[in-house]
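User: I am new to reading protein models. Please pick one part of this one and take me through it closely.

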Amino acid sequence: MDKANPMTDSSQADNSSKRNRASQTEQELALELEPQPEQELALELETQPELELVLIRHGHTQWNKERRYLGSTDLPLLPEVRQQLSALSGQPVLGDAFWRVYCSDLLRCRETLAALAPHLERQAIYDSRLRELDFGLWEGCTYEQLQDNGHYRSWIDHPEAVTPPEGESWEKFESRVDDFWTQLEQEVEVAGTNGGMSWTKINEPKVVPPAEVSSVRISPMPFSSVAVPPIPVSPVPISSASIPLVPDSRPIPQSTPPRVLIVTHGGIIRLLLARLTEEVTFYTAAAPTPGEVTVLYLRRTEGEWRIFLRK
C-alpha cells in the first residue's frame, strides 16, 4: 500500500482553501453588485415617469359672482378680475417654460390665460374637451330658483344617473375628460421612452379644433318661477391663424419632469383631482378658487399617475 505524501496533501489543502476563498469572494462581490431592496426601490422611482402639472381655474364672471350655474355659456371675465389676474402675471411658477399648454376654448379661460401668462398664448392648445359640464336649461339659474324642481333634486342626488334637461350627461362629461388625459399620458410616455424625441415625429397628435365661440345662450325654463337676466356679450371670433395646428413639439428635457399647464374650469379640476388622488372623489375634491394656480407633482406607479410630495 502506498503511503500518503504529506507534501501532496498539504498542497491540495492549500489549493482547496484558495478555491473556497475565491468562491466566497465572488459570492460577496455578487451580493454587493446585486441591487438590494432599498436600491431597487430607488432605481424604480428614478425610472418612473414624472410630470409637473400646473392647474389654473378661470377667474370670476358675472354669473360666478351671482352664484348662477355656468357651464357651456360663454361669458367673459369681470373687468376688475382681468386687472387682478394681470397683476399676478409675474408669478415664478408661470415664468418657466412649459412643455405643453392646454386651455378650455371658452372665453373666460382664454382671458384668464391671457391675463396670467400672455407669453404662453401662442403655445396654447384650445381644447373643447376641457369645457365645464353643460347644464342645459339650468344654465344661468341659481340654487334658489331650482331647489323646488323635482328633476333638479334628482340630479343633485344622482348626477351620474340624471342629466339636466338639454344638458350633458355625466357619462359624456367623464368620457371627454378621460379622453383628454389619456392623450396627454400617451404624449408623455412616447416622448419619455424615445430619448426625449418629440412625440409629434412619432405619432401625430390628435388635434382638437377650437369650437366656435357663441353668444350667451339663455334658454327658457319649463316653469315660470325662473327668470334669468340676459347678459349682453359680444362674441369674440377665434382666428385659426393665431392658434398652432399642432402642439408645441419640443422634446421633454431629460433632467427635469415635463411641465404641463392646464387652464380650465372647476368641474374639470375636481374630476382630475379625483382621478389622481387615492380615496378622493369628485364630490370630496376641493377645486382651487377662481384664478388660483395649483402645482401638482405626479409620478406614474403601477400604471396610474398619482400625486406625490416633492422634496
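Analyst: Start with R176 and its contacts. Set aside the neighbours within four places in sequence, and R176 is in contact with S128, R129, L130, R131, E132, L133, E168 and I268. Keep in mind that this is a predicted model.

Where does R176 sit? It belongs to helix α9, which covers residues 170-192. Is R176 buried or exposed? The cut-off for buried is under 20% relative accessible area. R176 has 13% relative accessibility, so it counts as buried.

Now look at one partner, R129. The side chain of R176 has a polar atom 2.8 Å from the backbone oxygen of R129. Notice which parts take part: side chain on the R176 side, backbone on the R129 side.

Next, take R131, another residue in contact with R176. R131 lies in a loop. That loop runs between β3 (125-127) and α7 (143-146). R131 has 18% relative accessibility, and because the limit for buried is under 20%, it counts as buried too. Follow the chain from R131 to V177 and you find them 46 residues apart in sequence. In space, their C-alpha atoms are 8.9 Å apart.

E132 is also in contact with R176, and it leads us to the largest pocket. E132 is among the residues that lie nearest the centre of that pocket, along with R57, Y69, F135 and R270. In total, 28 residues line the pocket. Which elements give two or more residues to the lining? They are α7, α8 (150-157), α9 and α10 (266-276). Helix α9 is the one that holds R176. The space in the pocket is about 970 Å³. Sort the lining by class and you get 15 nonpolar, six polar and seven charged residues.

Finally, a look at the cysteines. How many disulfides does the structure hold? The count is zero. Take C103: it is in no disulfide, and the nearest cysteine sulfur, in C109, is 5.3 Å away. Why is there no bond for C109? A disulfide needs two cysteine sulfur atoms within 2.5 Å. The sulfur of C109 is 5.3 Å from its closest cysteine sulfur, in C103, so it is too far for a bond. Are these cysteines buried or exposed? C103 is buried, because its relative accessible area is 0%. C109 is buried as well, because its relative accessible area is 0%.

How values were computed: Residues numbered from 1 in each chain as written. Predicted model: local features only at pLDDT ≥ 70, side-chain atom pairs only at ≥ 80, totals over all residues. Heavy atoms only, no water. Helix = DSSP H or I, 4+ residues; strand = E, 2+ residues; numbered from the N terminus. Buried < 20%, exposed > 50% of the residue type's maximum accessible area, 1.4 Å probe, protein only. Polar contact = N/O pair within 3.5 Å; in protein donor to acceptor, adjacent residues only side chain to side chain. Contact = heavy atoms within 4.5 Å. 1 Å grid on protein atoms, 1.4 Å probe; cavity = no way out; pocket = protein on both sides within 12 Å on 5 of 7 lines; lining within 4 Å. Points joined across faces, edges and corners; volume = space filled by probe spheres on them. Nonpolar A, V, L, I, M, F, W, Y, C, P; charged D, E, K, R; others polar.
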